[in-house]
Amino acid sequence: MDQDRTGAPVARHDDGTGAGAAALTPRLQASWQRSRGYGLTPEDLQPVFTGSVDTDCLLYECGHEVLQGLRATLANEPVSMMLTSSDGLVLSRLCSDSSVARSLDRVSLAPGFFFSESNAGTNGMGLALADRAPSLVRAEEHYCTSLRQYTCAAVPVLDPLTGDLAGSINLTTWSDSSSKLLLALAQAAAGNTAALMLARGAGRRPRRAPRGEVYQVFTGRTRVESEPLPLSARWTDAVEEARSAMAQGHLLAVVGEPGAGKATLASLARRRVRSRERVLCARPPLADDITAWMRLWAPELAKDDTCVITAGVHTLPAWAAEHLAELLSDRPRGPGPDGLAHPYAAVITAEDYTRIPPALRSLVGAVVEAPALRSRPEDVLPLADHFARRFRGRPVTFSPAAARALSDHHWPENSRQLQRVVRDAAARTDVVDLRHLPADVFVGTPHRLSRIQALERDEIVRCLTEPGTTVAQAADVLGLSRATIYRKIAQYDISIPARTR
């Protein structure tokens, strides 16, 4: 076997016509294999066309602006700059070189066309999106022959608030041109796009980069209690549905919004199947750390007394999802010593079933949704009491006004947000009142706000939640007329506490 310039083993492949050969790294080999699995052939490039492109989204606004600045820098270079969505749809293309632009038009590498792996085989942007990692695909490393005249460097763009894959930045040049700086430029453009998205977002703090976790679920972490909380039927029915699927031996996928408690639901259900079983939860890190992270917990899948919950499989690179699918496929699932179905010793979670990687989706035997917190408002106060007691080690009281505000809030980040709000409030007082709650609790559907607007909104909420303060008094403190403060309340969708009206 040959080696690349870093010493990594590579395989040789033929271009499908017998006209030559090129070196493929293992990562590219895996991408070619996936391309074949999609039913694509090297000679058949037919990217799907959509009739519209969303030019109003934050990704397009910020990414297009960054690429316009980069275009001025590369004005005399034969380089095309492209922005794609998370599913490979080309949103924007900027190019000052007319010959490159005409050539890209001939292969439909233009706005409105999909260039994911499943549509166009191995290519820079498709590989970057599949593996969630910077990718450089040169000449004959492309799966489709019509793309082998190009070298493509692509870097994924992550939403700075949610951490979700937002899209990619792609730079394409001729295959015989120098590509040494191409990937570095793409990385800089992707970083600048994410930074601009944060600056123009809703004024919230960016999500911390996932570091990857592997921990045992026990009392004190994801709190699987011997006496479960008295929660609503929507939650308990979902737990029972998950328990039934596990008992029948299915690989269970728990889906739901971020922070809805997918791993907690899976843990509770698993305890009902095997109460003494050890339960581990593994949360993925960034793509660069996936290998070491999987090495920590993958051996646990072979143990009969351990169940592994792999959280957020929709964020896994394609190669990691395929490796996990192989490990799960090797797990015995026949009848156990008691004659009953031997349950899968694994559970996966994702935000949506359609986002589960195909390799894992083919193994899933049952899907259960973790219900969003806003769909079960009766659970808010029991959970708030639970989180406060866990944080302080003793009960914390909520005033009637604070309890009403918590129950009325729509909780866009679900239980995770409620836990954060309660923890911060309980750290300040034994009796939580309106003034101890953050401004976010008093607003409806969040809008995109500038930092100045977010500060203004928070100050209005702070004044309105002061004990005994009316709207008129808050207006006086802020130096606003009553008409202006009511207009601001409507503008920011602020729910006025009942006692201040």
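**Reading helix 5 and a pocket**

Me: Where do I start with this chain, and how many helices and strands are there?

Reply: Start with the overall count: this predicted model has 17 helices and 16 strands in the chain. Then check the cover: of its 501 residues, 50% count as buried.

Me: OK, how do I read one helix? Is helix 5 mostly covered or mostly open?

Reply: Here's the general idea first. An α-helix has 3.6 residues a turn, so residues three or four places apart point the same way. Now the case here: helix 5 spans residues 124-131, and eight of its eight residues are buried, so it's mostly covered, with buried meaning under 20% relative accessible area. Among them are Gly-124, Leu-127 and Asp-131.

Me: And the ends? Which residue caps the N-terminal end of helix 5?

Reply: That's Asn-123: one of its side-chain oxygens sits 3.2 Å from the backbone nitrogen of Met-125. After helix 5 comes Arg-132, which has a positive phi, near 55°.

Me: Now pockets. Which residues lie nearest the centre of the second largest pocket?

Reply: With a pocket, look at its space, then its lining. This one holds about 780 Å³. Its lining has 28 residues, and Tyr-38, Ala-130, Arg-355, Pro-357 and Pro-358 lie nearest the centre. Helix 5 is among the elements giving two or more residues to that lining, as are helix 1 (26-37) and helix 10 (318-329). You've met Ala-130 already, as one of the buried residues of helix 5.

Me: How many of the lining residues are nonpolar, polar and charged?

Reply: The lining of the second largest pocket divides into 12 nonpolar, nine polar and seven charged residues.

How values were computed. Residues numbered from 1 in each chain as written. Predicted model: local features only at pLDDT ≥ 70, side-chain atom pairs only at ≥ 80, totals over all residues. Heavy atoms only, no water. Buried < 20%, exposed > 50% of the residue type's maximum accessible area, 1.4 Å probe, protein only. Helix = DSSP H or I, 4+ residues; strand = E, 2+ residues; numbered from the N terminus. Polar contact = N/O pair within 3.5 Å; in protein donor to acceptor, adjacent residues only side chain to side chain. 1 Å grid on protein atoms, 1.4 Å probe; cavity = no way out; pocket = protein on both sides within 12 Å on 5 of 7 lines; lining within 4 Å. Points joined across faces, edges and corners; volume = space filled by probe spheres on them. Nonpolar A, V, L, I, M, F, W, Y, C, P; charged D, E, K, R; others polar.
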